[in-house]
Amino acid sequence: MPHTVLLAEDDRAIRNALERALTLEGYRVTAVADGVEALAQAHRSRPDVLVLDVMMPGIDGLQVCRVLRAEGDRTPVLILTALVETADRIAGLDAGADDYVVKPFDVEEVFARLRALLRRAAPVPAEPEPAAAQEAEAPAPAGRLLEAAGLRMDPQARRAWRGDRELELTRTEFELLELLVRHAGVVLEHSTIYDRIWGYDFGPGSKNLAVYVGYLRRKLDEPGAPQLIHTVRGVGYVLREG
């Protein structure tokens, strides 16, 4: 079955061109011109992925994303934006978007980012559990938790804590933090992180990773506590305490 895409873009030329390109790529596309119709369509038939323009009349793309996330809808969201400032990109991530593409964009980049989002959203086949484990589920057993630098993560429940404080993380933030925790003390190169998290290296000019790391730091860091994610200039990032 082809993946379904809900595309919301008020610019008719961009909407029609992107709808044709996505259809030729094998997607089943529903294209709408504003955020109100995007929400209505998402409620009628949940797509596999949403592509939302930021600047739309009435309800914009970020508001659509916030509404869906508030309803518990975790469908992957790719934001299309002409805004290039870091604060604007952070606003998109804060609204619950999973990734963004800056206009004018290359359609091949849109395809690559959609493939990465859909891979990450694909359900993981459940492994058979021992009979004892099929009884009442206990709180996360120690063997299931990842721990490093004062952080604890439960990958199955997708929960994370710094000390006793639970962290509210988006899908991408959780996956990035999990990668760093699993390789605590090891410097991970930019290309490695891009490949593992997005499935695609967007090149040296991309600010995607820096934006996500900055946003993750805001949620991790505490007054008087050591920073956990360190930048190794020109190389990548490492998780360590102090």
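Here are legends for a few close-up views of this predicted model.

**View 1. The open sheet and its strand order.** Welcome to the sheet, where five strands line up as S2-S1-S3-S4-S5 with parallel pairing. Strand S2 (28–32) and strand S5 (99–102) sit at the edges, each pairing on one side only. On average, neighbouring strands of this sheet are turned by 20° against each other, direction ignored. As a reminder, strands of a sheet pair through backbone hydrogen bonds, either parallel or antiparallel.

**View 2. The pairing of S1 with S2.** Zooming in, strand S1 (residues 4–8) is joined to S2 by five bridges, and the two run parallel. To find your place along this pair, look for Leu6, whose bridge partner in S2 is Thr30.

**View 3. Helix H5 across the strands.** Here helix H5 (residues 107–121) lies across strand S3 (49–53), strand S4 (77–81) and S5. Relative to S5, helix H5 runs at about 180°.

**View 4. The surroundings of Asp53.** Asp53 belongs to strand S3. The UniProt record, an unreviewed entry, places the feature "modified residue: 4-aspartylphosphate" at Asp53. Is this residue buried or exposed? Asp53 has a relative accessible area of 3%, and because buried means under 20%, Asp53 counts as buried. Leaving aside neighbours within four places in sequence, the residues in contact with Asp53 are Ala8, Glu9, Asp10, Asp60, Gly61, Leu80 and Lys103.

Key: Residues are numbered from 1 along each chain as its sequence is written. This is a predicted model: local features need pLDDT of at least 70, side-chain atom pairs count only at pLDDT 80 or more; totals for chains, interfaces and linings use all residues. Side-chain values use heavy atoms; hydrogens and water are left out. Two strands pair if DSSP finds at least two bridges between them. Helices (H or I, at least four residues) and strands (E, at least two) are DSSP runs, numbered from the N terminus. Axes are lines fitted to C-alpha atoms, for helices over the stretch in contact, and angles run from 0 to 180 degrees between N-to-C directions. Contact means heavy atoms within 4.5 Å. UniProt positions are given in the numbering used here, feature names are shortened, and annotations may be inferred rather than shown by experiment. Buried means under 20% relative accessible area, exposed over 50%, partly exposed in between (1.4 Å probe, protein chains only).
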